[in-house]
Amino acid sequence: SLNISPINTSTYYVTATTQAGCSNTDQITIYVEDNPELSLNIEDTAICKGQNITLYASGGYYYQWLNQDGDTLSVTNSINVAPQQTTVYYVYSQTQTGCNSNSSVAVFVSTPDLNVQNNYSSCNGANIQITPYVDNSQAPVTYYWSNGEITTGSLDIQTISNVVLNV
């Protein structure tokens, strides 16, 4: 036997000779196929908690999607996921002849942790500034206030009477 690892399609010849001097030659061609060019429809991405996203792979014949714990989630070329926390998904692809390729995509789950002082006390007619704070989000953050204002930071208001604003 002969162990080989061709990198290109190659033909090998072998000649067998008996003690009587008789010989015969045969050949074998090893066809080398490239690994599949696996591509994903998205790169690492972020979604809001509660949303879902479809991950799609192409470039192979057989597919297997796994989560970061190694659990098989799907054996098709696409998967719809709604992770509750940031998760890495792995996809393995194989051609009909057994050549393999793999890739991964991270889905970051974003949920802003909003903090704002619950109550303000102010004199009638005084100006106050309400400043919300978001712990774990990626800047910039847009705040939509219940009075119709849209800000990327503080909200300045003049008190006239009791005012209730929802962020």
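This is a short walk through a predicted model, one selection at a time.

**Stop 1: the whole chain**

Start with everything shown as a cartoon. The protein chain has zero helices and 16 strands, so expect to steer by strands on this tour. Switch to a surface and you are looking at about 11,900 Å² of exposed area, with carbon and sulfur atoms supplying 45% of it. Of the 167 residues in the protein chain, 21% count as buried. Contacts tell you something about the path of the chain, too: among those between residues at least 6 apart in sequence, 42% join residues at least 24 apart.

**Stop 2: the five-stranded sheet**

Now select strands S4, S10, S9, S6 and S7. In that order they make an open sheet of five strands, and the pairing is mixed. Which strands stand at the edges? They are S4 (45-48) and S7 (72-74); each has a single partner strand, so one side of each is left without a neighbour in the sheet. Turn the view along the sheet and look for the twist, which averages 35° from one strand to the next.

Zoom in on S4 and S10. These two pair in the parallel sense over four bridges, and here you can find Thr45 opposite Val107 in S10.

Next door, pick S9 (residues 87-94) and S10 (residues 100-110). This pair runs in the antiparallel sense, over eight bridges. Two spots are worth labelling: Tyr89 sits opposite Val105 in S10, and Ser93 has Ser101 of S10 as its bridge partner.

**Stop 3: the turn of the hairpin**

Follow S9 to its end and into the hairpin it makes with S10. Five residues lie between the strands, and Gly98 takes a positive phi near 100° there. Select Thr95 as well, since it is found in this loop. Is Thr95 buried or exposed? Its relative accessibility is 11%, so Thr95 counts as buried. Show what surrounds it: leaving out residues up to four places away in sequence, Thr95 touches Glu33, Pro36, Tyr61 and Tyr62.

**Stop 4: two tyrosines**

Two of those neighbours deserve a closer look, so show the rings of Tyr61 and Tyr62 as sticks. They form an aromatic pair of the edge-to-face kind, 4.7 Å from centre to centre with 85° between the planes. The count for the model comes to one aromatic pair. Both rings belong to residues in the middle category of accessibility: Tyr61 is partly exposed at 47%, and Tyr62 is partly exposed at 44%.

**Stop 5: the three-stranded sheet**

Hide the first sheet and select S3, S5 and S8. Taken in that order they form an open sheet of three strands with antiparallel pairing. S3 (39-40) and S8 are the edges here; each has a single partner strand, so one side of each is left without a neighbour in the sheet.

S3 and S5 pair over two bridges, with Leu40 bridged to Ala57 in S5. On the other flank of S5, its pairing with S8 covers four bridges, and Ile53 has Val81 as its partner in S8.

Stay with S5 and colour its side chains. In a regular strand the side chains alternate between the two faces of the sheet. On S5, the covered face carries Ile53, Leu55 and Ala57, while Thr54, Tyr56 and Ser58 lie on the uncovered one.

**Stop 6: the cores**

Bring both sheets back and select Leu55, Trp65 and Tyr89. Of the 14 residues in the largest nonpolar core, these three touch the most other members. Strands S5 (53-58), S6 (62-66), S8 (78-81), S9 and S10 each supply at least two residues of this core.

Which residues does Leu55 contact, leaving aside its neighbours within four places in sequence? The list includes Trp65, Tyr89, Val105 and Val107, as well as Ile79 and Val81. Asn41, Ile42, Asn77 and Ser78 are in contact with Leu55 too. You have already met Tyr89 and Val105 standing opposite each other in S9 and S10.

For the last selection, take Val134, Tyr143, Trp145 and Leu155. They are among the five residues of a second, separate core.

Definitions and conventions. Residues are numbered from 1 along each chain as its sequence is written. This is a predicted model: local features need pLDDT of at least 70, side-chain atom pairs count only at pLDDT 80 or more; totals for chains, interfaces and linings use all residues. Side-chain values use heavy atoms; hydrogens and water are left out. Two strands pair if DSSP finds at least two bridges between them. Axes are lines fitted to C-alpha atoms, for helices over the stretch in contact, and angles run from 0 to 180 degrees between N-to-C directions. Buried means under 20% relative accessible area, exposed over 50%, partly exposed in between (1.4 Å probe, protein chains only). Contact means heavy atoms within 4.5 Å. Accessible areas come from the Shrake-Rupley method with a 1.4 Å probe; for residues, only the protein chains shown count as cover. A nonpolar core is a set of buried Ala, Val, Leu, Ile, Met, Phe, Trp, Tyr and Cys residues joined through side-chain atoms within 4.5 Å. Rings of Phe, Tyr and Trp (its six-membered ring) pair if their centres lie within 6.5 Å; planes under 30 degrees apart count as stacked, over 60 as edge-to-face and the rest as tilted.
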